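Hi everyone, thanks for coming. Today I'd like to walk you through one structure, with its interior as the main topic. Here it is on the screen.

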Amino acid sequence: MAVPDDWSDVSMSAAATSQTRMVPRWYAIAIGALFGLFYAYAVWQAIAGLVGAASGPLGLNAMGWIVWLMAALVPWIAFALAASIGRTRGMLAYPLSLLAGLGLVAAFWLNVLAYTTLNAPSLVG
């Protein structure tokens, strides 16, 4: 059953099926692997910061653990969202969505670095 659209003569279900373009699998794997390396680097740096901060003389308190674990989890979440959104949009939108997600990860990482640098005493012990 087609749902009528208010702005045109085309039904919404027909418009939705004609605009859905899946990215070829080989393209999604190649582009995903390339961008995945950058996301993995962000995760690796977050884990290195977590280990470095936790192995200090005072250790981390709960807020320190939350900050550093979020720094490690946000790249995973951003990659999953960007890949799932971009995969159904087409061949150009897929890498652009991954690039936008990487930009969000970079902005979040800079916020984490600024917060942990300026508020280091409140994150330990």
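Let me start with a term I'll lean on: a lining residue is one that has an atom within 4 Å of a point of the cavity or pocket in question. And the helix labels you'll hear, such as α4, are DSSP runs numbered from the N terminus.

Please keep in mind that this is a predicted model. Mean pLDDT for the protein chain is 88, with 84% of its residues at 70 or more. Confidence varies by element: helix α1, residues 12–19, has the lowest mean at 53, while α4 has the highest at 96.

Now, how many cavities of 30 Å³ or more are there? The count comes to one. As for the volume of the largest cavity, we get about 40 Å³.

Who lines the largest cavity? You'll find Ala42, Ala46, Ala71, Pro75, Val105, Phe108 and Trp109 there. Three helices, α2 (25–54), α3 (62–87) and α4 (93–118), each supply at least two residues of that lining. The largest share belongs to α4, with three residues. For those of you thinking about chemistry, the lining has seven nonpolar residues, and no polar or charged ones.

Two of those helices deserve a further look. The axes of α3 and α4 come within 7 Å and cross at roughly 170 degrees. Angles over 145 degrees count as roughly antiparallel, so α3 and α4 are roughly antiparallel to each other. By class, their contact has 19 nonpolar, four polar and one charged residues.

That's my tour; happy to take questions!

How values were computed
Residues are numbered from 1 along each chain as its sequence is written. This is a predicted model: local features need pLDDT of at least 70, side-chain atom pairs count only at pLDDT 80 or more; totals for chains, interfaces and linings use all residues. Side-chain values use heavy atoms; hydrogens and water are left out. On a 1 Å grid over the protein atoms alone, a cavity is a set of points where a 1.4 Å probe fits but cannot get out, and a pocket is an open set with protein on both sides within 12 Å along at least five of seven lines; lining residues have an atom within 4 Å of a point. Grid points are joined across faces, edges and corners, and a volume is the space filled by probe spheres set on the points. Helices (H or I, at least four residues) and strands (E, at least two) are DSSP runs, numbered from the N terminus. Ala, Val, Leu, Ile, Met, Phe, Trp, Tyr, Cys and Pro count as nonpolar, Asp, Glu, Lys and Arg as charged, and the others, Gly among them, as polar. pLDDT is the predictor's confidence in each residue, from 0 to 100. Axes are lines fitted to C-alpha atoms, for helices over the stretch in contact, and angles run from 0 to 180 degrees between N-to-C directions. Angles under 35 degrees count as roughly parallel, over 145 as roughly antiparallel, 65 to 115 as roughly perpendicular and the rest as oblique.
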